[in-house]
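Colleague: I'd like to learn how to read the packing in a protein model. Can you walk me through one?

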Amino acid sequence: MLRKKPEQIFFHTGNEHKLDEASQAMSELQIKIRSLKEISSSISVVEPQGENCAHVAHSKIMQVLDLVEDELNGNWLMVEDSGLFVDALGGFPGVYSSYVHSTVGIEGIVKLLEENKDKSARYISSISFWDGERIHSVQGHCKGRISLESRGDSGFGYDPIFIPEAGDGRTFSEMTLLEKTALSHRTMALKMMVEKLNFPSM
Ligand code: IMP
């Protein structure tokens with residue numbers, strides 16, 4: 001069954017970069033990504049200490065839905081939880097990516113990896129979305145490696161040290177929004193969402 005695509009999806013996030021990336025990724029499908037703040041300005045959710053991004057995203061959407069389902073008027077809602085998973089560090093910082101970034105930062109991760117040959121890592125993005133009737137969950141990955149040198153000014157978080165495997169050797173921070181979006185874990189998760197709902201693909 002081919003499903004009618006939504007005209008817009010409300011995204012619960014405080015991160016403008018995530019909003020821009022999701023907007024860029026969905027623009028081909030003419031689906032507008034809007035910040036949930038546009039219809040509900042003071043939503044506070046408890047960040048669960050989940051063992052993986054999927055668990056965190058699911059817990060967050062349940063909390064947000066509880067607060068705004070009436071205001072959504074049948075519109076779709078999405079939340080995302082993402083992180084950087086470094087192989088040589090057993091997946092660290094993973095679900096703690098945001099906290100680690102705001103404490104020891106990029107330099108802390110680089111220090112931990114300096115003596116290690118294996119620099120492989122991946123970003124994971126877990127999206128939970130509400131289609132007006134049900135909650136669905138999808139996950140996207142982006143494989144790459146950590147650069148010991150921080151390069152570039154765009155993007156956010158660990159982008160200055162993340163070199164995507166499918167790229168040309170530049171870090172995500174050295175790419176334009178369009179270039180990062182073509183490769184990112186967030187776009188991969190959004191593609192899964194489109195596939196799952198079986199409306200014309202990206
Ligand atoms: P959260 O999903 O808001 O909990 O935060 C995820 C954290 O993972 C961010 O604060 C970043 O540190 C990191 N992260 C996730 N996705 C990206 C990305 O696309 N670029 C850079 N850092 C990311």
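**Cores and packed helices**

Modeller: Sure, let's begin with the core. The largest nonpolar core has 19 residues, and Ile 9, Met 26, Met 78, Phe 129, Leu 190 and Met 193 have the most contacts inside it. A nonpolar core is a set of buried Ala, Val, Leu, Ile, Met, Phe, Trp, Tyr and Cys residues joined through side-chain atoms within 4.5 Å; buried means under 20% relative accessible area (1.4 Å probe, protein chains only). This is a predicted model, where local features need pLDDT of at least 70 and side-chain atom pairs count only at pLDDT 80 or more, while totals for chains, interfaces and linings use all residues. Residues are numbered from 1 along each chain as its sequence is written, and side-chain values use heavy atoms, without hydrogens or water.

Colleague: Which element gives the most to this core?

Modeller: That's α6, with five residues. Helices here are DSSP runs (H or I, at least four residues), numbered from the N terminus.

Colleague: How do I read two packed helices?

Modeller: You describe them by the angle between their axes and the distance between the axes. Take α1 (residues 16-27) and α6 (residues 185-197): they pack at about 50°, with axes 10 Å apart. Axes are lines fitted to C-alpha atoms over the stretch in contact, and angles run from 0 to 180 degrees between N-to-C directions. α1 and α6 are therefore oblique to each other (not under 35, over 145 or 65 to 115 degrees).

Colleague: Which residues of α1 meet α6?

Modeller: Lys 18, Glu 21, Ala 22, Ala 25 and Met 26 do, and their partners in α6 include Leu 190 and Met 193. Contact means heavy atoms within 4.5 Å.

Terms used
Helices (H or I, at least four residues) and strands (E, at least two) are DSSP runs, numbered from the N terminus. Buried means under 20% relative accessible area, exposed over 50%, partly exposed in between (1.4 Å probe, protein chains only).
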